[in-house]
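User: Please take a close look at the aromatic pairing in this structure. I should like the pair described in detail and then placed in the context of the whole protein.

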Amino acid sequence: MFSDPVSWFKQLAIALVPMLVAITFHEVAHGYAAYLLGDPTAKRAGRLTLNPIKHLDPLGALAFVLTRIIGWAKPVPIDPRFFANPRSGMMLVSLAGPAANFALAVASALVLGGLDTLHQFVPPPWSASVVVPLAYMSVASIQVNLALGLFNLLPIPPLDGGHILAGLLPPRAGYELERLAPFGFFIVLALAVTGLLGGLIGPAMDSLYHLLLQIAELL
């Protein structure tokens with residue numbers, strides 16, 4: 001990873017802004033969905049903000065520095081007791097985060113297509129210093145948002161997919177699944193170490209990534 005520090009730092013710098021935007025929108029989407037369903041907890045905690053500093057998690061930031069594609073933020077506080085139906089409410093709130101990431105991935109593909117068109121009309125000095133870096137950041141944004149959205153849909157509590165699956169299961173089975181939340185980090189770590197994590201989200205990410213690039217090329 002550090003055999004070429006200059007290249008590694010360039011890749012990190014290109015992906016940094018997309019990652020901050022991705023995790024910020026992910027958490028704000030959770031909090032805002034909860035707020036719309038009647039839960040003011042995130043709003044009272046000052047988490048319905050697009051200031052990424054409010055959402056940064058040190059361990060999640062370190063994971064991003066090491067992988068340059070996967071990281072996470074501090075979970076937005078949610079109190080399902082405010083929801084008219086706590087089970088369905090938690091499912092909707094959990095879906096909001098990945099949905100925000102997939103929306104950002106699509107928006108980034110549209111921006112990439114626009115930059116590709118703009119590249120033909122901008123003088124070379126401006127193109128090299130502005131358009132090309134923005135295009136690289138758009139590609140990184142597609143990758144980061146797809147990875148974050150798919151990663152969080154894994155049916156492992158406390159990931160969003162775990163909460164969604166718990167809401168779909170019968171109440172007793174859902175409760176037993178949610179009890180695995182304290183061990184979720186270790187389950188994900190084991191999947192990452194064994195290479196199974198990439199196998200789980202890699203094929204879907206590759207397919208969606210190439211689909212979005214094709215959309216960008218059509219613009």
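Analyst: This is a predicted model, and from the N terminus on its elements run α-α-α-α-α-α-α-α-α. The protein thus consists of nine helices and zero strands, as far as such elements are concerned. Its radius of gyration is 19 Å, close to the 17 Å that the globule rule gives for 219 residues, so the protein is as compact as a globular protein of that length.

Two aromatic pairs are found in a search of the whole structure. One of them joins Phe-185 and Phe-186, with 5.7 Å centre to centre and 80° between the planes. The arrangement of Phe-185 and Phe-186 is edge-to-face, because planes over 60 degrees apart fall in that class.

The two rings can also be placed with respect to the surface. Phe-185 has a relative accessibility of 41% and counts as partly exposed, because that class lies between the limits of 20% and 50%. Phe-186 is exposed, with a relative accessible area of 54%.

As for the surroundings, 40% of the 219 residues of the protein count as buried. The accessible surface comes to about 11900 Å², and carbon and sulfur atoms contribute 73% of that area. Among contacts with a separation of 6 or more, 72% are made by residues 24 or more positions apart. The C-alpha atoms fill a box of roughly 60 × 40 × 30 Å along the principal axes. Charged side chains number 11 positive and 11 negative, and the centres of the two sets lie 11 Å apart.

Conventions: Residues are numbered from 1 along each chain as its sequence is written. This is a predicted model: local features need pLDDT of at least 70, side-chain atom pairs count only at pLDDT 80 or more; totals for chains, interfaces and linings use all residues. Side-chain values use heavy atoms; hydrogens and water are left out. Helices (H or I, at least four residues) and strands (E, at least two) are DSSP runs, numbered from the N terminus. The radius of gyration is taken over C-alpha atoms; the globule rule is 2.2 Å times the number of residues to the power 0.38. Buried means under 20% relative accessible area, exposed over 50%, partly exposed in between (1.4 Å probe, protein chains only). Contact means heavy atoms within 4.5 Å. Accessible areas come from the Shrake-Rupley method with a 1.4 Å probe; for residues, only the protein chains shown count as cover. Lys and Arg count as positive and Asp and Glu as negative; His and the chain ends are not counted. The place of a charge is taken as NZ of Lys, CZ of Arg, CG of Asp or CD of Glu. Rings of Phe, Tyr and Trp (its six-membered ring) pair if their centres lie within 6.5 Å; planes under 30 degrees apart count as stacked, over 60 as edge-to-face and the rest as tilted.
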